[in-house]
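Student: Could you take me through one part of this fold up close? I'd like one helix and how it sits against its surroundings, and then whatever else helps me place it in the whole chain.

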Amino acid sequence: AGLIRQLRQYPYTFEFTGITGPMMQQQSCKSLYTMDKLTLMGLDGLWSRLREILNIRRKLVQYFVSDAPDLFIGVDAPDFNLGLEKKLHRAGIPVMHYVSPTVWAWRKYRLKGMRHYIDRMLVLFPFELDLYRQHEVNATLVGHPMVMDIEKNPDIIALKKKFGIAKDKNVIALLPGSRKTEIQHMAGEFLYAAEMLAGKYPDLQFVTAMPNSSLMDLFENEVEKAGLKHLDLVCVEGHSRDVMACSDVLMLASGTAALEAAIVGRPVVVAYKVSWLTKTMVQLLASVKYYSMPNNLAGYRLVPELMQDDCTAENLAAEVGRYLDDETAVVKVKEAFLKIRESLDLDSDRLAAESVIKMLGLDTKTLLNNVPDQT
């Protein structure tokens, strides 16, 4: 949506068509399918949806080949987009991919073919740029658009008042994920860890944020199953980044949330559990030293990672306790997170839009004046 909004600052007529979310639709992007059609959790939900997803991709190939766009931009979703991009490029359609697949972490073999059907890769992280140059893929670093969405110095007092979070207690966020399977796999361990911490540190309050009411119900069911309804726990629907900002330490599921924690600037313990099938596939195809993005960006084990069998309540409580007992460790993490934020703060929408304009052979220097926020 930010890329579309920025492109409309140029004095050219654009039409946007594709798979959309609500924000893209607000920017007048014609929706062929909505993004929720492609949303999956690892390999666990793939088999029941595979036929539907492949059918969507087949229809998109037919649609775009029959009415060729001037440029196709695949946004993330590599398992869906890379195959689509290959077919469209063969049909003579220029291809840009926005958000690099994690080829630096696993399935590195993809790099061999990508340079033949991706004309320009827009990458979010500095280390990705070097990787693509080594493999002769045209790439441009645009930074991470998330930085622009996360306030650097929010009003913590006002936020705590808004959510009913205590001003005079150490606050620990419990963020076991934003999908049903993640909550089922991990909420119990997070809650038992909270119980252990509450027994050792009497001044703690816990807070969780869930994207919607159905997931909040699921989480509250986990609280009831664990017999922890007495826990000093604040439940917030939505507002996960604000909840992070209000917290002193975060316990969260590995993924985008770990990067959000770094940009927000709060010490974090990263954990994850997946099914045996996803675990086996990752072990076969992975070539990564660290699982969480903060550690990959730092280049060393900056924050704790507790994966699979290591993701226990005892380990979670111990790692959170280290932050609570060691102010020096907290300062070290916060300073490193500030450097990470600065390295990603590159005005992503503008840089991505300039790359699109250049690929279309248009003038990048001419901008409209006094353009409204939405067209």
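Tutor: Here is a close look at helix 6, followed by a few single residues and the chain as a whole. Keep in mind that this is a predicted model.

Helix 6 covers residues 126–134, and its buried residues are Glu128, Leu129, Leu131 and Tyr132. Look down the helix axis and those buried residues fall within an arc of 165 degrees, so they line one face of the helix. Turn to the face pointing away from that buried side and you'll find Arg133 and Gln134, both exposed. So what sits on top of the buried face? The cover includes helix 5 (111–117), strand 5 (120–123) and strand 6 (139–141). After the helix comes Glu136, with a positive phi near 60 degrees.

That phi deserves a short detour. Most residues other than glycine have a negative phi. Two further positive values turn up in loops. Ser28 is not a glycine, yet its phi is about 65 degrees. You'll see Ser28 in the loop between helix 2 (22–26) and strand 2 (30–34), where it is partly exposed at 43% relative accessible area. Ala77 is another non-glycine with a positive phi, this one near 40 degrees. Its place is the loop between strand 3 and helix 4 (78–90), and with a relative accessible area of 23% Ala77 is partly exposed. The cut-off for buried is under 20%.

Now for a loop residue that does fall under that cut-off. Leu71 is in the loop between helix 3 (46–66) and strand 3 (72–75), and at 16% relative accessibility Leu71 counts as buried. What does Leu71 touch, once its neighbours within four places in sequence are set aside? The list is Pro94, Val95, Met96, Val356, Met359 and Leu360. Arg58, on the other hand, is 13 residues from Leu71 along the chain, with 18 Å between the two C-alpha atoms.

For a buried residue inside a helix, try Tyr323, which lies in helix 15 (residues 313–325). Its relative accessibility is 6%, so Tyr323 counts as buried. Ignoring neighbours within four places in sequence, Tyr323 is in contact with Val249, Pro267, Val268, Val269, Val303, Pro304, Val330 and Val333. Lys339 is 16 residues away from Tyr323 in sequence, and the C-alpha to C-alpha distance is 20 Å.

Zooming out, the chain has 17 helices and 12 strands. Its radius of gyration is 22 Å, close to the 21 Å that the globule rule gives for 375 residues, so the chain is as compact as a globular protein of that length. The C-alpha trace spans about 65 × 50 × 40 Å along its principal axes. Of the 375 residues, 48% count as buried. If you take the contacts with a separation of 6 or more, 65% of them come from residues 24 or more positions apart.

As for the surface and the charges, the accessible surface is about 18800 Å², and carbon and sulfur atoms make up 50% of that. There are 44 positive and 46 negative side chains, with the centres of the two sets 6 Å apart.

Note on methods: Residues numbered from 1 in each chain as written. Predicted model: local features only at pLDDT ≥ 70, side-chain atom pairs only at ≥ 80, totals over all residues. Heavy atoms only, no water. Helix = DSSP H or I, 4+ residues; strand = E, 2+ residues; numbered from the N terminus. Rg over C-alpha atoms; globule rule 2.2 N^0.38 Å. Buried < 20%, exposed > 50% of the residue type's maximum accessible area, 1.4 Å probe, protein only. Contact = heavy atoms within 4.5 Å. Areas by Shrake-Rupley, 256 points an atom, 1.4 Å probe, with all protein chains shown as cover. Lys, Arg positive; Asp, Glu negative; His and termini not counted. Charge placed at Lys NZ, Arg CZ, Asp CG, Glu CD. Arc of directions from axis to C-beta.
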